[in-house]
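User: I have a new structure open in front of me and would like to learn how to read it. Could you take me through it, one feature at a time?

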Amino acid sequence: MEDRLVPDRRSWDKAIQFMTTSVQERLNEIQQIIEESRGPSIWSQWLYWQSPKPEHAVAQSVQSELKQLLSQNPDHPQSILDDDLTIVRRNLEAKGVTDVSNEIIRKHWKMIFKEHFLERQLLAARDCQSFYQHYKRGFEDADVDCQAVVLFYRIEKMLNLTCNALRQQITNTEQRRLEREIKDVLDDWSQDSDKKKEYLTGRRVELAQELSK
């Protein structure tokens, strides 16, 4: 994406807004899933007399270790490494959480990494708000990567073009339907002389003709 596709500051701001809204919605969904995996909150336990299950306690411990892993290496790749699995299991065992399989760790890693990734995208969107002129002039900053903004600009543009095409298609479809209905009405009139006389030579038409003289 070396080309400068975003034409002006207004389009840049709209792309950032679209990116922020989309990422925040997805982040809310992921965080809800994470919360459910951790079991009832302290408030729910007290208010609704809900008790956490053993797997909820395991989930909380595993997720805590994984978040610590990402805090130490924010640029961690998407896939968790074998060495990471060993470190997480060792730390869990030191805290008395045993018999946690790699499959369980990987299951929670997917959720925690998604949350981590989306949170970083939100931060990037905020950082890029005042970066349009740098982008337009082709300046690169190692600390600020705004390529995601360009991607969301492309996505929004594609969606707008698709919506316009669909609206035009619907309009054309409705126009053809209306033309068919008019044709059907005219066909009915041609077969019914009384109805045709009522609409074409009725008292209202005669009165209108008289008034127009």
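**Reading the model step by step**

Analyst: Happy to. Let's begin with the surface: the chain has an accessible surface of about 15500 Å², and carbon and sulfur atoms hold 52% of that. Please keep in mind that this is a predicted model.

User: What share of the 213 residues counts as buried?

Analyst: The idea is to ask how much of each residue is left uncovered; a residue counts as buried when its relative accessible area is under 20%. Here 26% of the 213 residues pass that test.

User: How many helices and how many strands does the chain have?

Analyst: Nine helices and zero strands. Going along the sequence, the pattern reads α-α-α-α-α-α-α-α-α. A useful next step is to look at how far apart in sequence the contacting residues are. Among contacts with a separation of 6 or more, 74% join residues that are 24 or more positions apart.

User: How do I check the length of one helix, say α3? What span should its 19 residues have?

Analyst: Count 1.5 Å a residue, taking one less than the number of residues. For the 19 residues of α3 (residues 54-72), that gives an expected span of 27 Å, and the end C-alpha atoms lie 28 Å apart, so the two agree.

User: Which residues of α3 are buried, and what covers them?

Analyst: The buried residues in α3 are H56, A59, V62, Q63, E65, L66, L69 and L70. Their cover includes α1 (9-37), α4 (82-94) and α5. Hold on to E65, as this residue returns in a moment.

User: Now to charges. How should I think about salt bridges, and how many are there in the whole structure?

Analyst: The general idea is that side chains of opposite charge can pair when their charged atoms come close. A search of the whole structure finds six salt bridges. Let's take three cases in turn.

One of them joins D13 and R9, with the closest N and O atoms 2.9 Å apart. These two residues are four apart in helix α1, so about one helical turn separates them. D13 is partly exposed at 35% relative accessibility, and R9 is partly exposed as well, at 37%.

User: And where does E65 come in? Which residue is its salt-bridge partner?

Analyst: The partner is K95, with 2.5 Å between the closest N and O atoms. K95 sits in the loop between α4 and α5 while E65 belongs to helix α3, so this pair ties together parts 30 residues apart in sequence. Compare the two ends: K95 is exposed, with a relative accessible area of 59%, whereas E65 is buried at 8%.

User: Which residue forms a salt bridge with E115?

Analyst: K67 does, and the closest N and O atoms are 3.8 Å apart. That value counts because the cut-off is 4 Å. The pair links distant parts of the chain, as K67 is in helix α3 and E115 in helix α5, 48 residues apart. K67 is partly exposed at 40%.

User: Is E115 buried or exposed, and what does it touch?

Analyst: E115 is buried, with a relative accessible area of 9%. The residue is in helix α5 (residues 102-128). Setting aside neighbours within four places in sequence, the contacts of E115 are L27, I30, Q31, I34 and K67. So the salt-bridge partner K67 appears in that contact list too.

User: What about aromatic rings? How many aromatic pairs are there?

Analyst: Look at the distance between ring centres and the angle between the planes. The count comes to five aromatic pairs. One of them is F18 with F152: 5.7 Å centre to centre and 75° between the planes, which is edge-to-face. F18 lies in helix α1 and F152 in helix α7 (residues 147-191), so the pair ties together parts 134 residues apart in sequence. F18 is partly exposed at 22%, while F152 is buried at 16%. Ring pairs also link W12, Y132 and Y135 into a cluster.

User: One last feature: which residue in the loop between α4 and α5 has a positive phi?

Analyst: D99, a residue other than glycine, has a phi near 60°. This residue lies in the loop between α4 and α5, and D99 is exposed, with a relative accessible area of 78%.

Notes. Residues are numbered from 1 along each chain as its sequence is written. This is a predicted model: local features need pLDDT of at least 70, side-chain atom pairs count only at pLDDT 80 or more; totals for chains, interfaces and linings use all residues. Side-chain values use heavy atoms; hydrogens and water are left out. Buried means under 20% relative accessible area, exposed over 50%, partly exposed in between (1.4 Å probe, protein chains only). Contact means heavy atoms within 4.5 Å. Accessible areas come from the Shrake-Rupley method with a 1.4 Å probe; for residues, only the protein chains shown count as cover. A salt bridge is a side-chain nitrogen of Lys or Arg within 4 Å of a carboxyl oxygen of Asp or Glu. Rings of Phe, Tyr and Trp (its six-membered ring) pair if their centres lie within 6.5 Å; planes under 30 degrees apart count as stacked, over 60 as edge-to-face and the rest as tilted.
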